[in-house]
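Visitor: I'd like a close look at one single spot in this protein, and then how that spot fits into everything around it. Could you walk me through it in one go?

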Amino acid sequence: MSLKKYRPLLSLTAVVGLAYLIHRVIFYALDINDTSFYYSIETLYLLFLVLSIMVFVVLLKVKERSFDNVGMSFLLSTSIKMIVCYVILKPILQVTNEENTLEKINFFVMFIIFLAIETILTIRILNEKQ
């Protein structure tokens, strides 16, 4: 097992750790109480991190076998991840109150952050061939 092969996973973990710290600082600075959230921030970060690691393990396996299919594999795995996230988000969407709005925004912002991180790291994988 070479460390270079799993570099995207290390980058992913480092960037997610930094994003979590920034997220916590923002919540602390704005005095946002997240104890009433359906899912805690830690739970969501752990869930998104596990899903992202699964996406990258698939991408790294596809890269070994057929580099030309990495982009399509990324699209497919991201679509599956989106479906899983919708199932997880469904209980939050069913509740409609003003306090829940912040939780919905938080979930979508985290989803977008993880999607951006995955996209950037996938682009780095795709650029390795050039």
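Guide: Sure, let's start with histidine 23, which sits in helix H1. Keep in mind that this is a predicted model. Is histidine 23 buried or exposed? Its relative accessibility comes out at 9%, and the cut-off for buried is under 20%, so histidine 23 counts as buried.

Who does it touch in there? Setting aside neighbours within four places in sequence, histidine 23 is in contact with Ile41, Tyr45, Asn106 and Met110. Two of those partners, Ile41 and Tyr45, belong to the H2 side of the contact between H1 and H2. The other two, Asn106 and Met110, turn up on the H4 side of the contact between H2 and H4. That gives us two helix pairs to follow.

Take H1 and H2 to begin with. H1 covers residues 7–29 and H2 covers residues 41–65; their axes come within 11 Å and cross at roughly 160 degrees. An angle over 145 degrees counts as roughly antiparallel, so that is the label for H1 and H2. The crossing of H1 past H2 is right-handed. On the H1 side, the residues that meet H2 include His23 itself, along with Leu12, Val16, Tyr20 and Phe27. Across from them in H2 are, among others, Tyr45, Leu49, Ile53 and Phe56. Sorted by class, this contact of H1 with H2 has 14 nonpolar, 2 polar and 2 charged residues.

Now for H2 and H4. Their axes are 11 Å apart and the packing angle is about 25 degrees, so these two helices are roughly parallel to each other. Here too the crossing, H2 past H4, is right-handed. H2 brings Ile41, Tyr45, Phe48 and Phe56, among others, while the H4 residues include Asn106, Phe107, Met110 and Leu121. The residues of this contact split into 15 nonpolar, 3 polar and 2 charged.

Back on H1, Leu12 is worth a stop as well. Not counting residues up to four places away in sequence, leucine 12 touches Leu49, Ser52, Ile53, Phe56, Ile117 and Leu121. Leu12 also appears in the largest nonpolar core, which has 32 residues; the ones with the most contacts inside it are Leu12, Val16, Tyr45, Phe48, Phe56 and Phe107. So Tyr45, one of the partners of histidine 23, is also on that short list. H1, H2, H3 and H4 each give two or more residues to this core, and H2 gives the most, with 11. As background, nonpolar side chains in soluble globular proteins tend to be buried together.

That leaves the pair formed by H3 (residues 70–94) and H4 (residues 98–127), whose axes come within 12 Å and cross at roughly 170 degrees. That angle makes H3 roughly antiparallel to H4. By class, the residues in this contact are 15 nonpolar, 5 polar and 4 charged.

Zooming out, the protein has 4 helices and 0 strands, and its pattern along the sequence reads α-α-α-α. The C-alpha atoms fill a box of roughly 50 × 30 × 25 Å along the principal axes. Of the 130 residues, 36% are buried, and histidine 23 counts as buried too. Finally, among contacts with a separation of 6 or more, 73% come from residues 24 or more positions apart.

Definitions and conventions. Residues are numbered from 1 along each chain as its sequence is written. This is a predicted model: local features need pLDDT of at least 70, side-chain atom pairs count only at pLDDT 80 or more; totals for chains, interfaces and linings use all residues. Side-chain values use heavy atoms; hydrogens and water are left out. Axes are lines fitted to C-alpha atoms, for helices over the stretch in contact, and angles run from 0 to 180 degrees between N-to-C directions. Angles under 35 degrees count as roughly parallel, over 145 as roughly antiparallel, 65 to 115 as roughly perpendicular and the rest as oblique. A crossing is left-handed if the near helix is turned anticlockwise from the far one by less than a right angle, and right-handed if clockwise. Contact means heavy atoms within 4.5 Å. Ala, Val, Leu, Ile, Met, Phe, Trp, Tyr, Cys and Pro count as nonpolar, Asp, Glu, Lys and Arg as charged, and the others, Gly among them, as polar. A nonpolar core is a set of buried Ala, Val, Leu, Ile, Met, Phe, Trp, Tyr and Cys residues joined through side-chain atoms within 4.5 Å. Buried means under 20% relative accessible area, exposed over 50%, partly exposed in between (1.4 Å probe, protein chains only).
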